[in-house]
Amino acid sequence: MSAERAIILTGANGGLGTALASYLLEKGIRNLALVCHDETDLVEEILRKYDLDPARHCFTAELTDEESIAAMRSKVESNFAGVYAVVNVAGGSTNALSWKL
């Protein structure tokens, strides 16, 4: 587990999410937890470019499902010393569960 708390970035595999993740990594931010809805290949490629382990930094979650969110947060907290911030770049949600992160 890292001594740093994670910055959770949802929508990491979308256009804006990948651009923001790349920018933060370029600026030296390494405590990112990148959350994808499903497909993680592009995010994993970005992480490897910065010599980061996708197994530690890449997560999947269905942000309209409370159990999926809770499971993802638990995994993030097992890799980091808690959660520092949430940057919610994921698409719209009709039930707005992402505030529970």
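Biologist: What span should the twelve residues of helix α1 (residues 15-26) have at 1.5 Å a residue, and how far apart are its end C-alpha atoms?

Modeller: First, the terms. Helices (H or I, at least four residues) and strands (E, at least two) are DSSP runs, numbered from the N terminus. The expected span of a helix is 1.5 Å times one less than its number of residues. For α1 that gives 16 Å, and its end C-alpha atoms lie 17 Å apart, which agrees. This is a predicted model: local features need pLDDT of at least 70, side-chain atom pairs count only at pLDDT 80 or more, and totals for chains, interfaces and linings use all residues. Residues are numbered from 1 along each chain as its sequence is written, and side-chain values use heavy atoms, with hydrogens and water left out.

Biologist: What is the mean confidence in strand β4, and what is it in β2?

Modeller: pLDDT is the predictor's confidence in each residue, from 0 to 100. Where pLDDT is low, the predicted coordinates should not be read in detail. The chain averages 90, and 88% of the residues score at least 70. Strand β4 (residues 83-88) has a mean of 94, and β2 has 97.

Biologist: What pattern does the chain follow along the sequence?

Modeller: The pattern is β-α-β-α-α-β-α-β. That comes to four helices and four strands.

Biologist: Which residues of α1 are buried, and which are exposed?

Modeller: Buried means under 20% relative accessible area, exposed over 50%, partly exposed in between (1.4 Å probe, protein chains only). G17, T18, A21, L24 and L25 are buried. Seen down the axis of α1, they fall within an arc of 130 degrees, so they line one face of the helix. That arc is taken from the directions from the helix axis to the C-beta atoms. On the other side, G15, L16 and E26 are exposed.

Biologist: What do the buried residues of α1 pack against?

Modeller: Contact means heavy atoms within 4.5 Å. They pack against β1 (6-10), β2 (32-36) and α2 (41-49).

Biologist: How many residues does the largest nonpolar core have?

Modeller: In soluble globular proteins, nonpolar side chains tend to be buried together. A nonpolar core is a set of buried Ala, Val, Leu, Ile, Met, Phe, Trp, Tyr and Cys residues joined through side-chain atoms within 4.5 Å. The largest here has 15 residues, including L25, L34 and V43. β1, α1, β2 and α2 each supply at least two residues of this core. A second, separate core of twelve residues includes A33, I69, M72 and V76.
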